[in-house]
Amino acid sequence: MISAAVGSAGHRRRINWRRWRLLAIGGFLVAIVVFCAVFANFVAPYSPYDLDVASMLQGPSAAHWLGTDEVGRDELSRAIFAARISVEVALVAVGVGLIGGTIIGIFAAYFGGWIDLALMRLMELLFSFPAILLAVILMASLGTSILNAMLSIGIIFIPGFSRLARAATNDVLRQQYIDAARTIGMGDARIMMREILPNVVTPLLVEAAVAFAYAVLLESALSFLGLGAQPPEPSWGNMLNTGRGFMGQAPWLGIVPGMAMFLCVLGFNLLGDGLRDAFDPHLRE
Amino acid sequence: MVRTHRRKDRPPSLAIDRLRVEIATRRGLARVIDDVSLEVWPGEIVGVIGESGSGKTMTALSLLGLMPRRAKIAAGEIKLGGEVITHLPDAARRRLRGSRVAFIPQDALRALNPVLRVDLQVGEPANIHRQTPWDQAKARAVELLRAVHLKDPEQRAREYPHQFSGGMQQRAMIAMGLALEPELLIADEPTTALDVTVQAQVLKLLREIRDSHGTAILFITHDLGVIAELCDWVYVMYAGAVLEQGPVERLFAHPAHPYTQMLLRATPTVRTVQSELLSIPGQIPQPFELPAGCRFADRCPHRFEHCASEPPHLQVEAEHTARCWLLTESITAATAVAAS
């Protein structure tokens with residue numbers, strides 16, 4: 001009896017540590033990216049725009065740690081400033097998706113019936129397009145700009161968040177505190193804001209961390225295709241596109257933005273997984 | 001104990017008159033409340049007793065306007081403080097809830113929002129109905145918690161519902177119900193989920209609220225003991241109808257309906273040593289297949305030919321009525337024969 005209890009306690013501690021490890025590694029990588037984005041002016045050794053034709057396409061050196069590009073701009077500085085664009089785009093896009101999806105999901109579940117039917121069919125329509133195709137279509141119709149990139153990526157996220165919000169809301173609606181809220185005369189809007197929203201927000205925030213990684217990838221893809229950040233504005237996507245032309249002479253031009261993207265996406269994914277595990281009641285045993 | 005007698009100088013806090021509620025189901029029209037009349041006068045605690053499925057909770061929901069979507073009031077009238085509220089529009093109904101009628105549910109923990117602090121929830125009715133600013137609403141919540149005898153109300157108000165014990169949660173629900181001094185308090189089995197000792201404290205609190213505020217209380221339960229201890233008047237419900245009603249001491253002294261008699265006998269007490277626990281054989285009829293005559297006939301040991309038609313409320317003694325043909329049998333057998 002006693003040994004069983006001790007055994008299960010030890011088991012719990014092991015899972016706790018694993019949960020922490022994911023959160024720690026993910027959080028560390030995300031912290032680096034966010035720090036670079038916020039303090040790019042101070043972190044970057046050079047300006048990302050300054051041309052220096054004399055030192056173009058140089059390999060890594062003491063002066064330029066990660067080399068220079070085809071017009072002599074410092075690759076490290078450009079990668080650091082690109083983090084700013086990526087984080088900005090991801091932040092706005094995830095915000096649009098999170099807020100839009102949450103409102104639609106809660107509305108659909110709360111009112112049910114034909115409202116639910118119509119909203120969810122609309123969401124499935126959006127879902128049925130491949131994400132990158134939808135983003136390209138939206139960009140083509142909205143016009144090429146970084147703001148439109150944020151918006152189109154955000155719209156892509158709406159269906160996912162709305163489904164999650166709807167499922168969580170359906171769960172909450174079965175709870176007695178919703179009935180109790182009605183017995184004290186609460187109206188629909190107040191029930192949604194005060195009773196439902198705080199009880200569905202946790203899974204949505206976990207999803208937001210994962211969506212963040214995806215938003216970074218989508219922004220890079222759009223910029224790679226020339227639809228996102230416009231040169232000379234540095235973005236991992238358009239840096240990668242430039243690097244593609246110098247694969248033989250200057251491989252660092254492809255490797256640097258690629259690695260930056262990889263570490264950033266890995267960080268957000270690990271953070272998302274860590275958060276999910278931390279909030280998952282099934283793993284708490 | 002001295003029972004308060006019905007003071008009829010003011011209109012009744014609640015008057016339900018021949019209410020019929022129907023639900024359309026796949027298996028036919030279910031009559032979940034059938035010809036129910038019920039009154040609660042100011043300062044009175046009225047008990048409604050019945051098995052699960054007898055329609056007691058549905059009665060409460062119908063007057064709050066919170067019935068399931070497919071249920072509708074087919075006939076009858078509901079008056080709150082003399083004002084007809086039977087077919088009020090939703091928005092007007094909503095304004096009544098929490099301000100003039102309060103509802104105390106069975107399971108307080110599940111009725112409290114797990115992510116909001118207690119003071120925000122107890123202060124909520126004031127904010128909803130009177131637009132009281134939050135800082136004042138929260139201060140008022142502390143006062144209310146003190147009024148329901150919660151220890152350390154200032155501290156407790158800042159805690160979350162799961163940090164409360166069952167009795168404290170129920171006190172918090174009662175405090176929320178009292179927030180705007182409603183004229184009617186509906187308590188739906190508020191003590192079922194509690195320990196017996198805590199149960200007694202909650203009942204005492206309800207009686208105290210009635211005495212100090214003159215609040216009318218409609219107390220729904222399946223526990224006869226609680227009715228005997230707390231209520232002034234009692235309605236016995238079965239399959240959606242009231243089978244017997246009257247002042248508590250009269251009804252307990254002379255139960256006239258066989259169902260009430262069996263309920264009383266099935267309640268174990270210390271004095272009556274029973275070799276085995278009694279139960280009533282059979283089941284409550286489904287609301288969509290009610291028998292044509294008396295709805296208790298199938299389970300009734302005294303069934304006779306009259307039971308094929310539905311009995312009206314017949315007088316047992318002053319203010320005490322029961323729906324059973326046996327009453328005519330014993331009192332005026334001759335008239336019954338003459339009438340037929």
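Which residues touch the most other members of the largest nonpolar core? Keep that in mind as you open the model, which is a predicted one.

**Stop 1: the largest core**

Start in chain B and select Leu145(B), Ala172(B) and Leu218(B). These three touch the most other members of the largest nonpolar core, which has 94 residues. Next, colour helix H8 of chain B, residues 166–178: with seven residues, H8(B) gives the most to this core.

Now zoom in on Leu145(B) and show its surroundings. Setting aside residues up to four places away in sequence, Leu145(B) touches Val122(B), Leu150(B), Pro153(B), Arg156(B), Ala157(B), Ala172(B) and Ala175(B). Ala172(B), one of the trio you selected at the start, is therefore worth keeping on screen as a partner of Leu145(B).Apart from this core lies another, made up of 74 residues. To find it, select Cys36(A), Val89(A), Tyr110(A) and Ala260(A), which are among its members. As a general background, nonpolar side chains in soluble globular proteins tend to be buried together.

**Stop 2: the sheet of chain B**

Stay with chain B and switch to a cartoon view. Look for an open sheet of four strands, in the order S2-S1-S4-S5, with antiparallel pairing. Its edge strands are S2(B), residues 28–40, and S5(B), residues 83–84, each of which pairs on one side only.

Follow S4(B), residues 71–80, to its partner S5(B): the two run antiparallel and are joined by two bridges. Which residue stands opposite Glu83(B) of S5(B)? Select Leu80(B), and you have the answer.

**Stop 3: chain A as a whole**

Hide chain B for a moment. Chain A has 10 helices and zero strands, so its elements read α-α-α-α-α-α-α-α-α-α from the N terminus on. The C-alpha atoms of this chain fill a box of roughly 75 × 60 × 30 Å along the principal axes. Of the 285 residues in chain A, 43% are buried. Among contacts in chain A between residues at least 6 apart in sequence, 70% join residues at least 24 apart.

**Stop 4: helix H3 and two partners**

Select H3(A), residues 75–111, together with H4(A), residues 113–127. Their axes come within 7 Å and cross at roughly 145°, and the crossing is left-handed. On the H3(A) side, show Ile104(A), Phe107(A), Ala108(A), Ala109(A) and Phe111(A). On the H4(A) side, show Gly113(A), Ile115(A), Asp116(A), Leu119(A), Met120(A) and Met123(A). By class, this contact has nine nonpolar, one polar and one charged residues.

Swap H4(A) for H6(A), residues 146–173. At what angle do H3(A) and H6(A) cross? The angle is roughly 35°, with axes that come within 5 Å, and this crossing is right-handed. The contact of H3(A) with H6(A) has 23 nonpolar, 10 polar and two charged residues.

**Stop 5: where the chains meet**

Bring chain B back. Here 13 residues of chain A are in contact with 21 residues of chain B. Which helix of chain A gives the largest share of the side that touches chain B? Select H7(A), which supplies five residues, the largest share. H7(A), residues 176–183, and H8(A), residues 188–224, each supply at least two residues of that side. By class, the side of chain A that touches chain B has five nonpolar, six polar and two charged residues.

How values were computed:
Residues numbered from 1 in each chain as written. Chains lettered and ligands numbered in written order. Predicted model: local features only at pLDDT ≥ 70, side-chain atom pairs only at ≥ 80, totals over all residues. Core = buried A, V, L, I, M, F, W, Y, C linked by C-beta atoms within 7 Å. Buried ≥ 20, exposed ≤ 12 C-beta atoms within 10 Å, placed from the backbone. Contact = placed C-beta atoms within 7 Å. Axes fitted to C-alpha atoms, helices over the stretch in contact; angles between N-to-C directions. Left-handed = near helix turned anticlockwise from the far one by under 90°. Nonpolar A, V, L, I, M, F, W, Y, C, P; charged D, E, K, R; others polar. Pairing = 2+ DSSP bridges.
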